[in-house]
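Open the model in your viewer and keep the selection tool at hand. The stops below go from one residue pair outward to the contact between chains, and then to a separate site.

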Amino acid sequence: MTLSEIGRLVVWIVLIVALSILSPRFMDVDNLREASRYLVTTGVMSAAMTAVIITGGIDLSVGSILGMSGIVLGFTWQAGFPLPLAVLIGVLSGALAGLLNGICIVYGRIPPLIATLATLALYRGIALAISQAASVTNFPQWFQFFGQRNFAGIPAQMPLLIAVLVIAYILLHRSRFGRMIYAIGDNETAARFAAVPVDKVKLWLYAISGLSAGLAGVALTAHANTAKADAGTGYELDVITCVVLGGTQITGGKGTILGTILGLLIVRTMIYGMHLLAVKTVVQTIVVGVVLIATAVLNQYIELWRERTRSQSAGHSVAGSPAGSS
Amino acid sequence: MEQNLLSLHRISKSFPGVQALREVDLDLRPGEVHALVGENGAGKSTLIKILAGVHSPDSGEIFQNGNPVRITDPIRSRSLGIAVIHQELDLFPDLSITENLFLGRGLLKGPGPILRWKENHKRAGDLFQQLGEKLPPETPGRALSAAQRQMVEIAAALAQQARIIVMDEPTASLTEREVRILFEQVENLKRSGAAILYVTHRMNEVFAIADRVTVLRDGQRVLSVPTHETNRDEIIRAMVGREVSAFFPKEETQAGDPALQVRDFTDPNGAFHGIHLTLHRGEIVGLYGLVGAGRSELAQAIVGLRKSAGEIELDGIRRMFRSPGDALEAGVVYVPEDRLVQGLFHGLTVRDNMTIAILREISHYGLVDRSEERRRVTEQIASLDIRTRGPEQVVSTLSGGNQQKVVLGRWLLTKPRILILDEPTRGVDVGAKAEIHRLMGHLASEGMAILLISSELPEVLGMSDRIGVMREGRLVAQFQRGETNEEQVGRSAFPEDRVPEISTRDIERPSVTEQKGTIRFLRTLSHRRETILTLFLLAVVPILARLTPGFATVQNARDILTNISVLSIAATGMTLVIVAGGIDISVGAILAASATCAALLAKSGWEFVPVLFAACLAGGVLGFINGSVSVSGRVHPIIVTLGTMGIYRGMIVLWTRGRWVMNVPETLTDFGQGDFLAIPIPVWTAGIVVILFGLALRYLESGRMVYASGSNPRVARLIGIHTGKVLIRTFTLCGVLTGLGGVIYAGRYGEVQTNTGIGFELKVIAATVIGGTNIMGGSGSVFGSLLGSLLLGILSNAMVLLHISTYWEGVAVGVFILGAVVVDTARCQRGTGL
């Protein structure tokens with residue numbers, strides 16, 4: 001565990017302690033269990049977003065993909081398909097949406113920022129157009145169980161989150177794919193020179209991000225027992241906050257899954273605590289916004305400080321070399 | 001020595017591992033052309049960078065007119081009257097030549113701050129007349145050829161009244177004719193009393209134009225004489241003459257079978273032509289040449305980093321590598337020239353850097369075998385003798401020589417059959433250099449075929465079994481080991497007296513009169529977006545009128561225009577922000593905030609004007625926060641405005657306690673719903689805003705600075721523009737304008753809901769981007785954004801009239817943004833950031 005991860009763990013523990021003092025109901029097992037259900041949607045998307053941001057990109061459309069895949073799920077089921085198949089189609093629609101993002105970014109050469117801002121509107125529009133603002137409810141018992149009940153004491157959706165986090169960890173920190181992601185994020189030019197298939201990696205990456213939003217859409221639909229077009233609105237703020245709070249640099253090249261997990265825990269614990277203290281939901285949104293900006297700024301300054309000390313200890317700065325002398 | 005305009009005395013400069021300059025003296029006298037020559041790596045560019053204020057000398061002094069000075073940064077350099085004319089683009093691609101010359105440096109104005117375009121263009125045109133070139137001054141920087149850009153930089157130096165002009169390889173991309181014109185300009189400059197430092201490797205130019213010549217070798221001044229007292233041979237000897245040291249131990253080996261054969265290799269962009277090259281097993285072929293000879297481009301084309309025409313045969317089999325991955329699989333690898341930009345992953349460890357190319361080999365089912373990885377890395381570190389604390393050290397903390405070894409190690413781990421090394425010992429200390437050379441010899445003796453690209457003659461002569469010399473894209477000479485010496489090789493690399501042959505460059509570049517046509521076409525192209533939009537709208541209207549009777553009525557037209565009034569006002573603000581290089585996705589929240597503010601204040605009895613003022617102020621404050629947090633916190637505006645979007649919205653809900661604000665009083669509704677001369681007031685407001693800001697961006701220098709900041713922030717700072725302040729101002733103005741929109745909104749609808757403005761930011765960005773504003777910054781127009789708003793307005797209106805569900809609007813907005821950006825990106829091919 002790195003120093004910054006330990007720091008975040010400490011912050012989380014301090015937060016837990018403070019909140020349990022402020023609110024006696026904090027440590028109540030039932031409350032905790034209910035609160036942890038909300039970890040799943042944000043957590044699943046944060047895992048993929050970590051990788052996206054490490055490459056120096058961003059995906060603002062995850063909230064819209066979440067809503068769209070929920071609608072695809074609901075309406076496919078309503079049209080008569082068996083629910084498991086509808087779930088699969090819903091998740092795949094998310095992956096396809098992500099792939100489209102990737103195509104715009106790689107082949108259309110559209111900066112990820114504006115591409116995913118545009119698809120944010122596009123996918124939300126598709127969700128609205130398919131559903132005509134109608135919603136689908138009353139899913140079968142087993143689906144509701146998945147969304148709202150417990151399995152061996154923990155929320156039934158937890159295994160999904162844990163599985164995703166484990167896979168994300170393996171992919172990012174143990175696999176070839178992960179190495180290439182860090183390389184692209186650190187220096188895309190050098191990655192191309194080093195024979196890394198940058199374009200293919202990016203296409204896969206954005207498809208995976210879409211897939212994660214598709215999974216989140218299924219999870220949310222099960223939890224709420226409703227598929228509606230405006231589901232997931234604004235979730236990109238939460239997700240990006242967790243990732244940035246976890247120490248991932250917006251500029252790319254740095255970040256860990258463990259950091260994101262800690263970021264996720266801190267954010268959701270804050271929101272849980274505020275909920276218990278009867279703080280209005282709007283204030284929660286404000287707090288998340290403030291946290292995002294504050295951590296982003298802090299991350300920048302810490303990185304600057306680190307670079308300065310690193311170059312001092314090495315005795316020279318990278319900038320002063322005669323590369324390109326004639 | 002008052003007769004010297006600028007005098008450098010015992011200047012030394014070292015970088016980690018290499019002494020770039022060693023006690024160099026240089027005098028620049030008025031009205032004199034002083035040529036500076038030397039091989040690659042001799043120290044010329046370091047000297048230029050010191051004059052430009054990019055580097056500071058470790059020791060030594062600089063005197064100007066006898067007074068000691070310190071050139072601390074580029075701005076100081078310019079203020080001392082030094083102008084450096086580079087080969088790279090130091091211009092604003094989106095701004096006209098006139099602005100590139102005079103922005104921030106004396107644009108003519110009057111009355112007041114209003115720019116006098118006609119006169120400014122004329123001034124630029126006159127300057128070009130002097131230089132013998134006819135170039136429409138309105139041409140944007142990006143439309144200029146390399147030669148023309150250089151001419152602009154020279155003109156800028158003239159305009160700046162620079163006294164010391166440094167020209168760095170100025171004829172590198174010029175045709176015959178252009179070189180003659182350049183020489184005339186240099187004569188003009190001489191006559192005006194300026195001192196010119198002319199850096200070149202072209203001997204005939206030295207004798208054609210220079211009064212004195214100084215030769216640098218290995219960072220030292222070895223010769224400095226008036227040109228009429230020397231000759232070409234003496235200069236070349238001074239540049240390259242040195243004993244071939246004994247510590248390049250390349251054993252004699254029998255060259256084996258041909259491993260790689262390159263035939264008729266030609267670059268579509270002209271960097272090299274008709275290259276035939278063969279590499280045998282166990283052989284080192286040295287490729288010597290000067291900057292611009294095309295060697296790196298050739299090597300990159302061989303491994304598939306560049307497209308090219310020609311044939312490659314690998315062990316007798318025809319191949320073509322479409323990517324470095326292809327080449328790697330075949331055992332052909334390229335170690336790049338610029339390790340900082342093309343080689344190293346600065347923030348990653350030695351281990352990560354080394355294994356990036358062998359990931360597949362050390363992985364099972366996609367997972368990396370850590371212990372195998374560690375084994376190979378440790379082995380390689382040992383065999384290359386890399387001085388590091390261990391595989392986990394971050395490479396940015398290593399010295400240049402060790403960094404180079406890491407990159408080398410990466411490629412050696414792939415066990416290549418053919419190794420192409422591009423300047424492998426550049427910026428590397430003597431000890432590491434010897435180690436790399438020993439390694440090369442060892443690898444060759446084991447059967448590897450090595451292509452060594454190097455600009456260091458001793459290295460090439462000592463290491464190679466065969467030497468090829470490239471000059472201006474062609475392979476002009478080949479030598480066997482032991483059959484030649486430095487002078488002979490050196491001489492073949494230097495262009496002879498220019499033979500008036502027709503180079504392909506002459507054919508590809510159109511003459512001036514043709515160019516005028518091209519430039520004019522390009523100009524209409526840049527206006528085209530607005531023309532296309534207008535034509536599109538004009539075409540769409542009759543179609544829609546045919547489809548629905550309700551469309552082509554006066555009432556409907558009024559409705560459309562009123563509906564888009566808020567949008568176009570906000571789009572005006574967004575245009576400013578995006579042109580300056582930022583983006584603001586919190587404008588929806590700002591709209592809601594200012595509308596709420598206006599409504600509540602009006603309801604508590606405030607008069608119209610104070611309400612207007614307060615709402616705009618509120619918007620301005622919110623915009624200011626966005627801008628200053630981005631700039632001071634150094635966080636990308638998308639993250640900041642993503643956060644403030646949530647914060648501002650939350651605050652609104654808190655303030656209104658979640659309730660709608662209804663029954664907005666007449667003070668506002670008169671404004672939002674009233675007419676003036678039969679035209680709705682909001683439409684007047686929008687029209688006035690668009691015209692005002694459109695004019696301001698065009699006719700105020702501060703407006704042009706917004707474009708400059710977005711077009712090329714680095715150069716903007718060089719000429720003294722504070723890009724951070726510019727960005728903050730645009731965010732603030734965007735907030736103010738959105739605030740105005742909020743007042744109109746509150747007045748028009750008579751109520752403000754909690755979800756007012758949700759999704760508004762997307763429409764605003766869409767209108768701006770459709771209208772032709774480039775998302776990367778630097779270009780765009782307020783009028784275009786108005787047309788974009790009109791397009792969106794007609795679209796929603798048509799959807800309602802045609803009974804198409806408004807849910808499709810989101811789809812349309814998304815598609816429009818994507819389409820508009822694809823077109824723009826294709827047009828200007830700028831690098832992508834976030």
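Select B:Arg351 and B:Glu373: their side chains form a salt bridge, with N and O 3.4 Å apart. This is a predicted model. Now colour the two helices that hold the pair. B:Arg351 sits in helix H12 (residues 350-355) of chain B and B:Glu373 in helix H13 (residues 370-384) of chain B, so the salt bridge ties together parts that are 22 residues apart in sequence.

Turn on the surface. Are these two residues buried or exposed? B:Arg351 has a relative accessible area of 12% and is buried. B:Glu373 is buried as well, at 0% relative accessibility.

Keep B:Glu373 selected and add A:Arg179. Here a salt bridge links chain B to chain A, at 2.6 Å from N to O. Extend the selection to B:Asp352 and B:Glu392: together with A:Arg179, B:Arg351 and B:Glu373, these residues form one network of salt bridges that share partners.

Next, show both chains in full. How many salt bridges run between chain A and chain B? The count is two. Residue pairs in polar contact between these chains, both at pLDDT 80 or more, number 10. On the chain A side, several helices give two or more residues to the part that touches chain B, among them helix H9 (176-186) and helix H14 (281-314). Select H14(A) in particular, as its 15 residues are the largest share of that side. Colour the same side by class to find 45 nonpolar, 19 polar and 10 charged residues.

In all, 74 residues of chain A are in contact with 91 residues of chain B. About 6800 Å² is buried between the two chains, and carbon and sulfur atoms give 72% of this area.

Move on to B:Arg426 and B:Glu423, whose side chains meet in a salt bridge of 3.7 Å, N to O. B:Arg426 is buried, with a relative accessible area of 18%, and B:Glu423 is buried at 7%.

For the last stop, select B:Asp315 and B:Arg281. The closest N and O atoms of this salt bridge are 2.9 Å apart. B:Asp315 lies in the loop between strands S14 (309-314) and S15 (317-319) of chain B, and B:Arg281 in the loop between strands S12 (275-280) and S13 (284-289) of chain B, so the pair joins parts 34 residues apart in sequence. Both ends are partly exposed: B:Asp315 has a relative accessible area of 35% and B:Arg281 one of 26%. Over all chains, the structure holds 41 salt bridges.

Technical notes: Residues numbered from 1 in each chain as written. Chains lettered and ligands numbered in written order. Predicted model: local features only at pLDDT ≥ 70, side-chain atom pairs only at ≥ 80, totals over all residues. Heavy atoms only, no water. Contact = heavy atoms within 4.5 Å. Buried area = accessible area lost by both parts, 1.4 Å probe. Salt bridge = Lys/Arg side-chain N within 4 Å of Asp/Glu carboxyl O. Polar contact = N/O pair within 3.5 Å; in protein donor to acceptor, adjacent residues only side chain to side chain. Helix = DSSP H or I, 4+ residues; strand = E, 2+ residues; numbered from the N terminus. Nonpolar A, V, L, I, M, F, W, Y, C, P; charged D, E, K, R; others polar. Buried < 20%, exposed > 50% of the residue type's maximum accessible area, 1.4 Å probe, protein only.
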